[in-house]
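Here are a few notes to read alongside the structure. Please keep the 3D view open as you go through them.

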Amino acid sequence: MHATSVKVWDLPLRLFHWLLVVSVAVAYCSAKTDWLSTDVHWYAGISMTFLWLFRVIWGFVGSATARFRQFFPTPSRLLHSMRHGWQEIGHTPTGGLSVIALLLLLAAMIVTGLFASDDISLQGPIARYVDEAFSDQMSAWHAWLFKGLLGLIGLHIAAIAYYLIYKKNNLLQPMITGVKTVSLSVLVRLPHAKQHLGWRLLGSVLLASVLTWAIFSPTAHHFFYQPPPATPTPAAAW
């Protein structure tokens, strides 16, 4: 069967993937080990928030294989994949399901992290605006969600190993090079990737940066949040 090499993953998507790997590793080491300062966990959280926002935006304006509509795991796609296999490039329906699960889990981690506090050195950027009981609850959920994230990463690695060993399909290499070898019969079904992504990339980075700033910056918090007026202290009775 004749085969050819095609571009599968654009550079911004590949950078998102590997920067997220680094950010998760740094977040884990800064929270669970003595290798890094706990302050680093704050910056890892900022990085993960920016990356999540960028990926969601890029899922609507990026190249064809990066867009949610191309790989969203609808029931019909999942059934077709299980019955007949999947002959498209990009994410399989089960791979798309994994991407959606990862993004939802990351979103929950980011939200709970915003309110979390360890009462010592780490405090989410919005923790000061809620009561201690709510912050403690968010901290507990944040820890459990991180365990779930590690479990999902483990399943992801296991799936890559399965495809490499049993199906002779290297999923890792295209995420590095962006290029995948496919049969010529698949070419007729390739999505037409949009070229000239420069302006969309610039806009996506700027929008994700502004939203990240609005989430983490005390200046933005003071603009959107008005603290309740202080209760006057009653005059002492003599």
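**Notes on the chain**

1. Of the 238 residues in the chain, 34% count as buried, meaning under 20% relative accessible area with a 1.4 Å probe and protein chains only. This is a predicted model, where local features need pLDDT of at least 70, side-chain atom pairs count only at pLDDT 80 or more, and totals for chains, interfaces and linings use all residues. Residues are numbered from 1 along each chain as its sequence is written, and side-chain values use heavy atoms, with hydrogens and water left out.

2. You will find nine helices and two strands, taken as DSSP runs (H or I, at least four residues; E, at least two) numbered from the N terminus. Along the sequence they follow β-α-α-α-α-α-α-α-β-α-α.

3. A good place to look next is the largest nonpolar core, with 27 residues, where Leu20, Met48 and Leu149 touch the most other members. Such a core is a set of buried Ala, Val, Leu, Ile, Met, Phe, Trp, Tyr and Cys residues joined through side-chain atoms within 4.5 Å. Two or more residues each come from α1 (11–32), α2 (39–61), α5 (93–115) and α6 (132–166). The most come from α2, which gives seven.

4. Which residues does Met48 touch, leaving aside those up to four places away in sequence? They are Leu20, Ser23, Val24, Ala27, Leu106 and Ile110, where a contact means heavy atoms within 4.5 Å.

5. Apart from the largest core lies another, of five residues, including Phe68, Phe71, Val99 and Leu103.

Definitions and conventions
Buried means under 20% relative accessible area, exposed over 50%, partly exposed in between (1.4 Å probe, protein chains only).
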